[in-house]
Amino acid sequence: MDDEEGFREFVRARLPRLSRAAFLLAGGHAQAEDLLQGALIKAALAWPRIAGAEDPEAYVRKILYHEHVRTWRVRRWREQSTADVPDRASSADETNQTVLRVVLQQALSRLTPRQRAVIVLRYFEDLSEADTAQVMGTSVGTVKSQTSHALARLRTLAPELAGRVEESMEVRS
């Protein structure tokens, strides 16, 4: 299989997961598409080297994270929520899940880019602290402190998510 076909196959197999990570990092569909497109262009240009790596997906996730940070630094743009956080619905129906997704999206958008990245990598991409540190290019201690600060901020911004965060923490321990 040639490099171009190998890259196409990689993208076909990993696109849903990479799209989800891009959405969670960027905070919106249009921004996520731009972010993922930029990261995949860089990955395509370096594909012969990436394909030979031990874990090509981790390499592309790292490109995605660095592209996210680069865009943020260049634009100095942050989305600000303007609406109040909706009340939590009493029944566990689809509406409740939608509200929780909106609340989570708004809360994530109010974290710093580094805090958002650590939450996405740790809890949505299910990476270990060591893998997250490698993707972010930081130490494990930095990942731990950023995770702690980000979770505390999420608890303040969206208390209705606290139970879900605690459940996630128990599963990871």
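# Notebook: helix packing and selected residues

I looked up histidine 68 and found that it touches Leu25, Leu35, Pro113 and Arg116, leaving out residues up to four places away in sequence. Contact here means heavy atoms within 4.5 Å.

I note the basis of the entries: this is a predicted model, in which local features need pLDDT of at least 70, side-chain atom pairs count only at pLDDT 80 or more, and totals for chains, interfaces and linings use all residues. Residues are numbered from 1 along each chain as its sequence is written, and side-chain values use heavy atoms, with hydrogens and water left out.

**Histidine 68, continued.** I placed histidine 68 in helix 4. Helices (H or I, at least four residues) and strands (E, at least two) are DSSP runs, numbered from the N terminus. Histidine 68 has 7% relative accessibility and so counts as buried. Buried means under 20% relative accessible area, exposed over 50%, and partly exposed in between, with a 1.4 Å probe and protein chains only. I checked one of its partners by distance: the C-alpha atoms of histidine 68 and leucine 25 are 7.1 Å apart, with the two positions 43 residues apart in sequence numbering.

**Overall.** I counted 9 helices and 0 strands in the protein. The pattern along the sequence is α-α-α-α-α-α-α-α-α. Of its 173 residues, 41% count as buried. Among contacts with a separation of 6 or more, 65% join residues 24 or more positions apart.

**Helix 1 and helix 2.** I took helix 1 as residues 3-26 and helix 2 as residues 29-45; their axes come within 9 Å and cross at roughly 140°. That angle makes helix 1 oblique to helix 2. Angles under 35 degrees count as roughly parallel, over 145 as roughly antiparallel, 65 to 115 as roughly perpendicular and the rest as oblique. Axes are lines fitted to C-alpha atoms, for helices over the stretch in contact, and angles run from 0 to 180 degrees between N-to-C directions. The crossing of helix 1 and helix 2 is right-handed; the near helix is then turned clockwise from the far one by less than a right angle, whereas anticlockwise would be left-handed. On the helix 1 side, the contact residues include Phe7, Val11, Leu15 and Leu18. On the helix 2 side, they include His29, Gln31, Leu35 and Leu40. By class, I find 14 nonpolar, 3 polar and no charged residues in this contact. Ala, Val, Leu, Ile, Met, Phe, Trp, Tyr, Cys and Pro count as nonpolar, Asp, Glu, Lys and Arg as charged, and the others, Gly among them, as polar.

**Helix 1 and helix 6.** I read an angle of about 145° here, with the axes 9 Å apart. Helix 1 passes helix 6 in a right-handed crossing. Arg20, Ala21, Leu24 and Leu25 of helix 1 meet Arg116, Ala117, Val120 and Phe124 of helix 6. This contact has 6 nonpolar, no polar and 2 charged residues.

**Helix 6 and helix 8.** The axes come within 9 Å and cross at roughly 100°. Helix 6 and helix 8 are therefore roughly perpendicular to each other. Among the residues that meet are Arg114, Val118 and Tyr123 in helix 6 and Val143, His149 and Leu154 in helix 8. I find 7 nonpolar, 5 polar and 2 charged residues in the contact.

**Core.** The largest nonpolar core has 46 residues, of which Leu40, Ile50, Val60, Leu64, Leu111 and Ile119 touch the most other members. Such a core is a set of buried Ala, Val, Leu, Ile, Met, Phe, Trp, Tyr and Cys residues joined through side-chain atoms within 4.5 Å. Helix 1 supplies the largest share, 9 residues. I followed two members. Valine 60 touches Phe10, Leu18, Leu40, Ala43 and Ile50, not counting residues up to four places away in sequence. Leucine 111 lies in the loop between helix 5 and helix 6, and counts as buried at 0% relative accessibility.

**Lysine 42.** I found lysine 42 in helix 2, partly exposed at 39% relative accessible area. Leaving aside neighbours within four places in sequence, lysine 42 is in contact with Ile63, Glu67 and Arg70. The C-alpha atoms of lysine 42 and glutamate 67 are separated by 9.2 Å.

**Aspartate 126.** I noted a positive phi of about 60° at aspartate 126, which is not a glycine. Most residues other than glycine have a negative phi. Aspartate 126 lies in the loop between helix 6 and helix 7 and is exposed, with a relative accessible area of 57%.
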